[in-house]
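Here is a friendly walk through one protein model, written for someone who likes to know the cut-offs behind each term. Have the viewer open and follow along.

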Amino acid sequence: MTSLRSHGEQLLEINGVELCAETFGDRADPAIVLVAGAAASMLWWDADLCEEIAARGRFVVRYDHRDTGRSACCPPGQPTYSFTDLTLDVLGIQDALGIERAHLVCQSMFGGIGLVLGVDHPDRVASLTFVSTSTGADDLPPPSSDLAMPAEPDVSDAAAVVEYVVAGARAYAGGSPYFDETAIRALVERDVARARNYASTLVNHFAIEPAGPTHGGFGDIAAPTLVVHGDHDPLLPLPHGEALRDAVRGAELLVLEGAGHDLPRPVWDDFVSALERHTEGGRA
């Protein structure tokens, strides 16, 4: 039986830059590509979560965006790539790993990557799952008034950076009873130590202009779509997830009770079970 554990990280030459990717499970199974949110490396898709998904008969891929983890890095505040480049990186990873069509799971700001791929490259997308994201409509509620973000740290002080990211994760959890500060701190310490330049991680994704499909929008997505949203999300309150469900024809909504703008371990079983059902079928 193929191991469900990691096959190890690999550095891939994708679209002229080096990107780090890691896979789990049997390559013959339907492929799920996990696309983390802005400023998040692959580590924010927990390895244990990846193994749980692989145990349901899926080939799981997680990777470091540019300016996160071990992937290519630009100077802080000076990204030389565009939102389109980040989007095409997903297709490049699929090509490098021999994946013709993938089930894409896209989180937060980079739900936009799933939107573009779903509309402009439907032949490469078997299904879409949007986690903690939004249509961005003007009439949706703003972030919670209780969302208090920490002051920016001295990026030369690794300990201060860790405290800053942990505090941000605590804020994004929205008072969730599932927030595990010990686990988050361990993750952030690994993330900061592993990055080529964490100062770039903190700012560069927010310095690029978002880009949509060349034509159309959420209503033009044909791939089966699952929307996943925490009912404690303080950044994008639940109506954002409901609006996204309504915008995509036939989309389903999974509300994760007790979750904020994240996927805490206690909701994994509900999430993985829903993802398994959503991605049923043959080789993607």
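Two strands pair if DSSP finds at least two bridges between them. Helices (H or I, at least four residues) and strands (E, at least two) are DSSP runs, numbered from the N terminus. The model is a predicted one, in which local features need pLDDT of at least 70 and side-chain atom pairs count only at pLDDT 80 or more, while totals for chains, interfaces and linings use all residues. Residues are numbered from 1 along each chain as its sequence is written, and side-chain values use heavy atoms, with hydrogens and water left out.

**The strands around S7**

Let us start with the pairing. S6 and S7 run parallel and are joined by 4 bridges, with Val 131 standing opposite Val 228 in S7. On the next step, 5 bridges join S7 to S8, again in a parallel run, and Leu 226 has Glu 252 of S8 as its bridge partner. S5 and S6 also pair in the parallel sense, over 6 bridges; here Val 105 is partnered by Thr 129 in S6.

Burial comes next: a residue is buried under 20% relative accessible area, exposed over 50% and partly exposed in between (1.4 Å probe, protein chains only). Why is S7 largely enclosed by the rest of the structure? Because 6 of the 6 residues of S7 are buried. Thr 225, Val 227 and His 229 point one way from the strand, while Leu 226, Val 228 and Gly 230 point the other way, and all are buried. S6 is mostly covered as well, with 7 of its 7 residues buried.

Val 228, in strand S7, is a good residue to click on. Its relative accessible area is 1%, so Val 228 is buried. Taking contact as heavy atoms within 4.5 Å, and leaving aside neighbours within four places in sequence, Val 228 touches Thr 129, Phe 130, Val 131, Ser 132, Leu 254, Leu 256 and Phe 271. Val 228 and Leu 263 are 35 residues apart in sequence, and their C-alpha atoms are 9.6 Å apart in space.

**Helix H8 and the second largest pocket**

The buried residues of H8 are Trp 268, Phe 271, Val 272, Ser 273, Ala 274, Leu 275 and His 278. Their cover includes strand S3 (31-35), helix H1 (47-54), strand S5 (102-107), strand S6 (125-131), S7 and S8.

H8 also takes part in a pocket. On a 1 Å grid over the protein atoms alone, a cavity is a set of points where a 1.4 Å probe fits but cannot get out, and a pocket is an open set with protein on both sides within 12 Å along at least five of seven lines; lining residues have an atom within 4 Å of a point. Grid points are joined across faces, edges and corners, and the volume is the space filled by probe spheres set on the points.

The second largest pocket has a volume of about 150 Å³. Which elements each supply at least two residues of its lining? They are strand S7 (225-230), strand S8 (252-256) and helix H8 (268-278). Among the lining residues are Pro 224, Gly 250, Leu 253 and Arg 277. By class, the lining has 5 nonpolar, 3 polar and 2 charged residues (Ala, Val, Leu, Ile, Met, Phe, Trp, Tyr, Cys and Pro count as nonpolar, Asp, Glu, Lys and Arg as charged, and the others, Gly among them, as polar).

**Loops and positive phi**

Most residues other than glycine have a negative phi, and most peptide bonds are trans. Two residues other than glycine with a positive phi are set out here.

| Residue | Phi | Loop | Relative accessible area |
|---|---|---|---|
| Ala 39 | near 65 degrees | between S3 and H1 | 18%, buried |
| Ser 108 | near 55 degrees | between S5 and helix H3 (111-120) | 16%, buried |

Another loop, between strand S4 (59-63) and helix H2 (83-96), holds Asp 67. Asp 67 is buried, with a relative accessible area of 2%. Beyond neighbours within four places in sequence, its contacts include Cys 73, Tyr 81, Asn 204 and His 205.

**Cysteines**

A disulfide is a pair of cysteine sulfur atoms within 2.5 Å, and the count comes to 0 disulfides. For Cys 20, the closest cysteine sulfur, in Cys 50, is 13 Å away, too far for a bond. For Cys 106, the closest is also in Cys 50, at 14 Å, again too far. Cys 20 is buried at 0% relative accessibility, and Cys 106 is buried at 0% too.
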